[in-house]
Amino acid sequence: MFFSEKQSKGTELRIKIKKVLFRKKTKFQLVEIFDSLDWGKVLAIDSLFMVTEKDEFFYHESLVHPLLSTIKKPSKVLIIGGGDGGALKEVLKHPVKEVTQVEIDEEVFKACKNFFPWANKAYKDKRVKIIFEDARDFIKKVKEKFDAIILDTSDPVGPAKVFYTEDFYENLKKILKKDGGISLQAESPIFHLKVIKKIYNILNKKFQSIFPYLSPMPTYPGGLWLYFLVFKRKKSIIKPIRIPKKTKYYNRDIHETCFKIPEFLKKSLKTL
Ligand code: SAM
């Protein structure tokens with residue numbers, strides 16, 4: 001049996017499945033967990049790869065560490081989405097005091113806690129508070145401000161559409177401390193340049209400093225993934241203050257090179 005993700009009109013990624021471990025159509029989306037031959041356990045949402053045990057570290061470490069390593073005291077962190085717990089396990093490698101996570105779908109959280117040992121461990125940490133709510137509503141009413149906000153959201157379909165709007169970033173800015181930063185995943189530079197330009201355009205209107213950066217991500221479309229690191233304040237250098245321990249991808253060299261952007265992407269981001 002194979003699981004196949006349609007990555008674009010003409011490209012599919014197909015992997016051999018040993019067993020279906022979980023499948024449920026929740027109120028929000030289709031959530032599936034498989035055991036696979038090459039990629040370990042795999043989480044798919046609405047038939048798209050979200051996490052595989054084999055390559056999750058490229059994505060989660062890239063999403064979290066370039067941001068948290070550059071923030072002096074990342075005491076209060078907010079994670080939006082990320083019900084699989086992968087981003088959370090990386091956040092907990094930093095000297096954080098409190099992590100709030102807002103995930104719309106409790107079923108993703110429950111299933112991942114059950115099947116991914118890292119999620120089970122991370123969600124037991126006393127510093128973590130998980131809220132099941134649409135992040136759009138949460139950020140409008142929350143009174144606290146955060147040192148760092150991490151957007152571990154799905155592609156711009158279904159409940160995640162909200163993450164691609166100006167309103168959302170305007171509200172996000174209000175709950176970010178003045179020296180705080182946001183990191184977000186921004187899709188595939190190979191397949192999704194239109195969406196990337198849309199996000200970049202919004203970020204440009206709302207934030208003083210925007211740093212695009214890249215990492216490999218074998219099971220995501222195109223195998224190469226883009227992220228943005230954004231700050232309210234003007235910043236010119238983004239040197240790491242500390243490097244977390246026990247990483248598999250991220251280190252000081254990766255931090256220094258991940259912000260080097262290839263020519264086609266530079267051109268593309270300039271064409272706004
Ligand atoms: N790494 C992933 C990727 O891009 O393939 C993203 C993974 S993570 C599983 C995305 C999570 O965002 C899902 O668990 C989904 O339920 C959650 N999500 C989607 N829309 C949301 C919303 N409006 N508020 C909060 N969480 C949301």
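1. Polar contact at D134. In this predicted model, an N or O atom in the side chain of D134 lies 3.0 Å from a nitrogen atom of the ligand. This separation falls within the 3.5 Å limit applied to polar contacts. D134 is also listed among the residues that come nearest to the ligand.

2. Polar contacts at E103 and Y59. The side chain of E103 places an N or O atom 2.5 Å from an oxygen atom of the ligand. For Y59, a polar side-chain atom is found 3.3 Å from a ligand nitrogen atom. The ligand therefore has polar atoms of these side chains within the 3.5 Å cut-off for a polar contact.

3. Cover of the ligand. Taken on its own, the ligand has 600 Å² of accessible area, and the protein covers 100% of that area.

4. Shell around the ligand. The shell holds 26 residues, of which Q29, E103, D134, A135 and Y220 come nearest. By class, 13 of the shell residues are nonpolar, seven are polar and six are charged. The polar contacts described above thus belong to a shell that also contains 13 nonpolar residues.

5. Location of the ligand. The ligand takes up the space of the largest pocket. Two elements each give two or more residues to the shell around the ligand, namely β5 (48–52) and β7 (98–103). E103, whose side chain approaches a ligand oxygen atom, falls at the end of the range of β7.

6. Volume and lining of the largest pocket. About 600 Å³ of space lies in this pocket. Its lining comprises 39 residues, and those closest to the pocket centre are M50, T153, S154, D155 and A160. Two or more lining residues come from each of β1 (2–8), β4 (41–45), β5, α1 (56–68) and β7. Both β5 and β7 are thus named for the lining as well as for the ligand shell.

7. Composition of that lining. The lining of the largest pocket divides into 19 nonpolar, 11 polar and nine charged residues.

8. Second largest pocket. This pocket has a volume of about 180 Å³. Its lining includes T70, I71, K72 and K73, together with D147, K177, D179 and G180. F231, R233, K235 and I241 also line the second largest pocket. Strand β10 (residues 176–185) supplies the largest share of the lining, three residues.

9. Composition of the second lining. Seven residues lining the second largest pocket are charged, three are nonpolar and two are polar. Among the charged residues are K72, K73, D147 and R233.

Methods: Residues numbered from 1 in each chain as written. Predicted model: local features only at pLDDT ≥ 70, side-chain atom pairs only at ≥ 80, totals over all residues. Heavy atoms only, no water. Near = heavy atom within 4 Å. Polar contact = N/O pair within 3.5 Å; in protein donor to acceptor, adjacent residues only side chain to side chain. Areas by Shrake-Rupley, 256 points an atom, 1.4 Å probe, with all protein chains shown as cover. 1 Å grid on protein atoms, 1.4 Å probe; cavity = no way out; pocket = protein on both sides within 12 Å on 5 of 7 lines; lining within 4 Å. Sits in = over half its atoms within 2 Å of the grid points. Helix = DSSP H or I, 4+ residues; strand = E, 2+ residues; numbered from the N terminus. Points joined across faces, edges and corners; volume = space filled by probe spheres on them.
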